[in-house]
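Please walk me through this protein for a reader who has not met it before, beginning with how the model was made and ending with its surface.

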Amino acid sequence: MIKRFLQSRGMGKLRRNRLAMGALAIIAVYFLAAAWMMAMDLASWFGKTTDLYDMTDAPFVSAFL
């Protein structure tokens, strides 16, 4: 089913539209940044509640906290 969707006429038109693909890439970057922030916030909360590891001292992991 996925293969049929990827080979459809509409998907081909989308791939040929450079502006739409650029906008899709920008949306993907924002989505990944939001997912990173939520994951690090969840990990920090988990670390604080269980006293296993507080991630607020780790500079790379807590970059968006």
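The paragraphs below go from the model and its confidence to the helices, and then to the surface.

This is a predicted model, in which local features need a pLDDT of at least 70 and side-chain atom pairs count only at pLDDT 80 or more, while totals for chains, interfaces and linings use all residues. Residues are numbered from 1 along each chain as its sequence is written, and side-chain values use heavy atoms, with hydrogens and water left out. The protein averages a pLDDT (the predictor's confidence in each residue, from 0 to 100) of 83, and 82% of the residues score at least 70.

The secondary structure comes to three helices and zero strands, where helices (H or I, at least four residues) and strands (E, at least two) are DSSP runs numbered from the N terminus. Along the sequence this reads as the pattern α-α-α. Confidence is lowest in helix α1, residues 2-6, at a mean of 88, and highest in α2, at 90.

Of the 65 residues in the protein, 12% are buried; buried means under 20% relative accessible area, exposed means over 50%, and partly exposed lies in between, with a 1.4 Å probe and protein chains only. The protein exposes about 5,900 Å², of which carbon and sulfur atoms supply 70%; accessible areas come from the Shrake-Rupley method with a 1.4 Å probe, and for residues only the protein chains shown count as cover.

Two patches can be picked out on this surface. Patches are made of residues with over 30% relative accessible area and no salt bridge (a side-chain nitrogen of Lys or Arg within 4 Å of a carboxyl oxygen of Asp or Glu), with like charges joined within 9 Å and nonpolar side chains (Val, Leu, Ile, Met, Phe, Trp, Tyr) within 5 Å. L42, W45, F46, L52 and Y53 form a nonpolar patch with about 630 Å² of accessible area together. Within that group, F46 belongs to helix α3, residues 18-50, and is partly exposed, at a relative accessible area of 45%.

The other patch carries positive charge and gathers R9, K13, R15 and R16; Lys and Arg count as positive and Asp and Glu as negative, with His and the chain ends not counted, and the place of a charge is taken as NZ of Lys, CZ of Arg, CG of Asp or CD of Glu. R15 lies in helix α2, residues 9-16, and is partly exposed, at 47% relative accessible area.

Finally, A43 is also found in helix α3 and is partly exposed, at 25%. A43 and Y53 are 10 residues apart in sequence, and their C-alpha atoms are 9.0 Å apart in space.
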